[in-house]
Amino acid sequence: MPKSLNVENIFGASDIFFEGAGIPLPHEPSLLFGLEPQGVGTGTCESLRSYVMRLAHEHRVPVLTLVRDVLVEQLKSEKTTWLGRKSNIRSNLLAEKKGFLTMGDVTSALIHALNDATTVSSLKYCTLQPIKEQINPSRLLAEYNRHCRLCYEECIENDKLMYEPLIWNIKCVNVCHIHGVNLNPSECGRPEDQHLPSFKRKLLPGVCSRCGSVGYKCRQYPNKATNYEILKATHVAELIESLPIAADNYSSAKIIKSLGIIISSVAEGKQAIIARHAGIHKSVVHGIMNEHYLPSLDSLLRLCIAGGMSLVSVMKGVPTAVHAPVQYEKIISKLPLKPSCHERRDRLAQAVSSNPPESLTSISRELGLDATTLRRKFPELTDEIISRYRLFITEKSRQRHEEARKVGEAMIDSLVSKGLPLTHRNFQLLLNKPLMPKSVLYKELSQLSQQYR
Amino acid sequence: MTKSSGKTLEDTSSLINVNDKEIEMFARLSRQGVLALSPEMKMKYLFALQVRHRNLEEIGKDVMTLLQPFNETSILFIIGATGVGKTTLSKRVIKALVNSSDNKDLSALPFIFIAAAANGERSLSWRSIYRSVLRAAREILIDQKQATLVCNGIMTVKPTKYKDLTALRDALESTLRNRKVRVLAIDEAYHLLRFGNFSAVMDTLKSIVDVTGVKLLLLGSYDLYELATDYGQVSRRAEILHFKRYDKDSEGDLVEFGSIVNKIQLNWPCEDIPPFNVIVKELMQASLGCVGLLKALMLRALDMQLQKGGIWNPRFLMYAAKSIKLLTKMREEIEAGEEKLMGGAYGESIFTGDILNDVTERMANAKIA
């Protein structure tokens with residue numbers, strides 16, 4: 001609450017005071033807004049990537065512009081060598097997450113730069129940097145972005161802010177620990193012709209970057225997850241929740257000590273037994289226990305679950321049982337028996353006369369043998385199949401171009417009859433949808449327009 | 001006017017660059033220290049010197065009362081004659097706001113102050129106003145703002161265009177919210193009137209206030225009164241504060257003005273101090289009772305005195321004061337404005353004069369009973 005106001009506050013005690021011509025500025029404000037990251041100290045703590053996207057949205061600038069023109073300039077002051085070309089920024093920072101969520105120097109420098117620019121000090125908890133000395137950074141992050149549609153729907157219904165939690169970026173977590181469903185890949189579920197043109201796309205957590213659907217309603221509903229996966233997600237959520245308070249207490253030595261206790265209490269003191277229960281190779285356990293390398297988060301999780309201990313307590317060095325030990329069950333899919341040589345020959349003979357012609361790649365996949373081997377074993381049949389398929393593809397392409405040409409000619413005639421210029425915009429208006437530069441119709445229209453001119 | 005070694009008053013570029021260090025130094029200087037300053041610094045000293053006086057204190061209190069967070073008033077008009085001290089008041093209010101805030105958030109800006117300049121365009125340019133506010137808020141990438149639209153559950157970006165109005169307005173609202181701005185002050189607000197539709201102007205300002213929760217402070221001359229009263233929707237949430245000048249026909253005002261003159265005289269940065277205290281009435285006439293005009297007159301007089309080696313000559317007043325015709329024109333405009341504003345300012349409700357006396361008596365009796 002502001003202090004009470006009186007005349008002394010306004011003018012001071014003296015009869016005279018001094019003022020410059022300019023307006024007094026209390027302090028130089030921070031370069032960027034002091035946006036607080038969401039969920040710090042909970043299992044759904046926001047990821048740094050999501051934070052930067054929201055920050056760009058609040059400043060009403062494109063994310064790439066904020067990163068390139070502001071953050072990279074700040075990074076220069078951190079003397080990092082990672083700058084790269086501008087084209088790398090999109091893939092490095094957004095799709096592949098390098099630089100945003102890793103355990104490396106770039107993320108560390110980025111956090112520091114953001115701390116200075118926003119004056120927010122809790123950004124390191126939006127990454128797993130606090131445990132970089134304890135967890136192996138290899139294969140830590142998921143290769144593609146994922147989301148829980150139910151979480152986003154809840155946010156929309158309750159009018160809450162949508163953001164991407166850090167936990168969704170961790171590779172060994174495949175489910176939402178709140179709703180117990182599988183995480184969906186954050187890819188658009190709509191066909192390509194319903195995608196927005198690139199200049200209209202918004203990069204924001206909870207918004208499909210292709211079609212603009214808020215809450216990823218373009219994706220189907222997720223499936224129910226297995227109990228084992230939910231257990232893993234719960235453990236990781238607890239770990240993320242504990243980072244602001246307890247991360248300083250974690251150490252590799254404590255982890256090794258905890259694992260030793262688990263092995264002796266649950267696995268009769270034998271590393272091989274606990275490894276089998278956890279579904280990892282015994283050499284991995286051996287390597288961790290002998291400090292050959294840091295444990296990966298996935299291995300550590302499986303060991304904790306196999307021992308029934310909480311991950312947080314294991315990292316603190318005081319393993320505490322939270323559930324009964326659960327063994328890792330791998331579902332091994334039964335592969336079909338491979339076809340015999342005769343069956344393969346018959347299949348290829350059938351493909352020679354099939355209509356429409358089939359590709360050798362699809363047949364080889366079906367037969368469980370690579371195309372090169374098939375060609376070596378059945379040269380005449382495979383050559384016949386290849387040449388037939390090539391002719392088919394060529395003909396299909398020719399027909400596509402033919403159709404596109406006819407459509408293009410009709411469009412040009414229509415525009416010319418109305419006295420309108422042959423511009424990209426007019427073509428799009430006529431089609432009533434975006435005309436993508438790589439499409440066949442676009443190429444035909446370009447050629448026809450030039451001929452017309 | 002002949003030039004000596006120092007710069008003249010006309011060359012104001014160095015005068016207006018009184019920086020914070022110089023201000024701090026002036027506040028600590030003793031009398032000997034002031035007299036030892038160079039002529040240029042003496043000019044800066046008098047320029048920076050401000051006097052606390054009755055009208056300034058009263059209106060300062062009113063402004064701070066109305067700016068309290070739980071007060072329903074969201075638009076304040078501070079109307080007064082040129083040179084009466086509106087900008088000085090707003091600077092003090094800003095300082096008080098900052099000092100009263102307990103929040104140590106370095107990303108927050110409790111106030112933003114801009115001037116609505118007349119830039120020669122035929123109609124009001126909201127783009128330039130928005131850009132001024134964003135610049136004052138130290139906003140980044142002003143030329144690259146983009147607006148976002150959500151329609152039927154689909155979010156799209158409006159293509160980024162240079163100076164796009166929607167994008168700038170969107171960015172303005174976001175900035176005011178995220179910087180936790182409490183007060184947005186627009187000086188020279190009468191420029192908002194020129195060539196503009198009053199209702200449309202007030203609609204836009206009102207919507208900024210509604211969306212962001214910011215309080216608006218509009219400073220300007222008596223022309224602002226029409227803007228304040230034209231639109232009924234605004235009247236409910238607006239207050240007009242009349243920053244009055246000192247009236248030479250009022251005994252109380254004369255005494256107070258004399259006190260102001262005295263304070264400046266006591267801090268005159270020359271050994272040869274002009275006896276302004278004996279010509280208070282004439283000074284009041286020459287400055288139309290406005291402290292700002294009085295200061296301007298004294299600055300010119302000081303400049304002339306310094307050029308003459310620090311020796312005072314009453315003839316300096318001949319050139320320091322404004323010409324009669326100019327003064328007459330200014331006085332007529334001020335009087336017309338005061339006439340228009342009568343009964344329309346904060347504090348001029350039905351509870352004044354006889355009614356107030358009667359109400360006071362009845363309420364006192366009710367208490368006793």
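**Entry 1: helix α13 of chain A**

I looked up what covers the buried residues of α13(A) in this predicted model. The cover includes α14 (360-367), α15 (371-377) and α16 (379-418) of chain A. I then listed the buried residues themselves, which are A:R344, A:R347, A:L348 and A:A351. They lie on the same side of α13(A), because the arc they cover around the axis is only 100°. I checked the other side of α13(A) as well and found A:H342 and A:D346 exposed there.

I also compared the length of this helix with expectation. Helix α13 of chain A (residues 341-352) has 12 residues, which at 1.5 Å a residue should span 16 Å. Its end C-alpha atoms are 17 Å apart, and this agrees.

**Entry 2: the loop after α13(A)**

I next examined the loop between α13 and α14 of chain A, where A:P356 is found. The peptide bond joining A:N355 and A:P356 is cis, with omega at about 5°. I noted this bond because most peptide bonds are trans.

**Entry 3: positive phi values in chain A**

I recorded backbone angles with a positive phi, because most residues other than glycine have a negative one. A:R60 has a phi near 60° and is not a glycine. I located A:R60 in the loop between α2 and α3 (63-77) of chain A. Is A:R60 buried or exposed? Its relative accessible area is 8%, so I entered A:R60 as buried.

A:E268, also not a glycine, has a positive phi of about 55°. I found A:E268 in the loop between α8 and α9 (271-278) of chain A. A:E268 has a relative accessible area of 64% and is therefore exposed.

A further positive phi, of about 60°, belongs to A:T119, just after α5(A).

**Entry 4: helix α5 of chain A**

From A:T119 I turned back to the helix that it follows. Helix α5 of chain A (residues 105-118) has 14 residues, and at 1.5 Å a residue I expected a span of 20 Å. The end C-alpha atoms are 20 Å apart, which agrees. I listed its buried residues as A:V106, A:T107, A:A109, A:L110, A:I111, A:A113, A:L114, A:A117 and A:T118.

**Entry 5: A:S50**

I placed A:S50 in helix α2 of chain A (residues 48-58). The relative accessible area of A:S50 is 0%, so this residue is buried. Which residues does A:S50 touch, not counting those up to four places away in sequence? I found A:Y163, A:E164 and A:P205. I also took a C-alpha separation: A:S50 and A:F378 are 328 residues apart along the chain, and their C-alpha atoms are separated by 54 Å.

**Entry 6: helices α8 and α10 of chain A**

I examined the packing of helix α8 (residues 252-266) against helix α10 (residues 282-289), both of chain A. Their axes are 10 Å apart and the angle is about 135°. I therefore entered α8(A) as oblique to α10(A). In the contact, A:I256, A:L259, A:G260 and A:I263 of α8(A) meet A:V285, A:I288 and A:M289 of α10(A). I sorted these residues by class and obtained six nonpolar, one polar and no charged.

**Entry 7: chain B as a whole**

I then moved to chain B, which holds 16 helices and eight strands. Of its 369 residues, 51% are buried. I looked up contacts in chain B between residues at least 6 apart in sequence, and 75% of them join residues at least 24 apart.

**Entry 8: two helix pairs in chain B**

My first pair was helix α1 (residues 20-28) and helix α3 (residues 39-48) of chain B, whose axes come within 11 Å and cross at roughly 85°. This makes α1(B) roughly perpendicular to α3(B). I found B:E22, B:M25 and B:F26 in α1(B) meeting B:M41, B:K44, B:Y45 and B:A48 in α3(B). The residues of this contact comprise five nonpolar, no polar and two charged.

My second pair was helix α12 (residues 280-287) and helix α13 (residues 291-307) of chain B, which pack at about 105° with axes 8 Å apart. I therefore entered α12(B) and α13(B) as roughly perpendicular to each other. From α12(B), B:L283, B:A286 and B:S287 meet B:L293, B:L294, B:L297 and B:M298 of α13(B). I counted six nonpolar, one polar and no charged residues in the contact of α12(B) with α13(B).

Terms used:
Residues are numbered from 1 along each chain as its sequence is written. Chains are lettered from A and ligands numbered from 1 in the order in which they are written. This is a predicted model: local features need pLDDT of at least 70, side-chain atom pairs count only at pLDDT 80 or more; totals for chains, interfaces and linings use all residues. Side-chain values use heavy atoms; hydrogens and water are left out. Helices (H or I, at least four residues) and strands (E, at least two) are DSSP runs, numbered from the N terminus. The expected span of a helix is 1.5 Å times one less than its number of residues. Buried means under 20% relative accessible area, exposed over 50%, partly exposed in between (1.4 Å probe, protein chains only). Axes are lines fitted to C-alpha atoms, for helices over the stretch in contact, and angles run from 0 to 180 degrees between N-to-C directions. Angles under 35 degrees count as roughly parallel, over 145 as roughly antiparallel, 65 to 115 as roughly perpendicular and the rest as oblique. Contact means heavy atoms within 4.5 Å. Ala, Val, Leu, Ile, Met, Phe, Trp, Tyr, Cys and Pro count as nonpolar, Asp, Glu, Lys and Arg as charged, and the others, Gly among them, as polar. The arc is that of the directions from the helix axis to the C-beta atoms.
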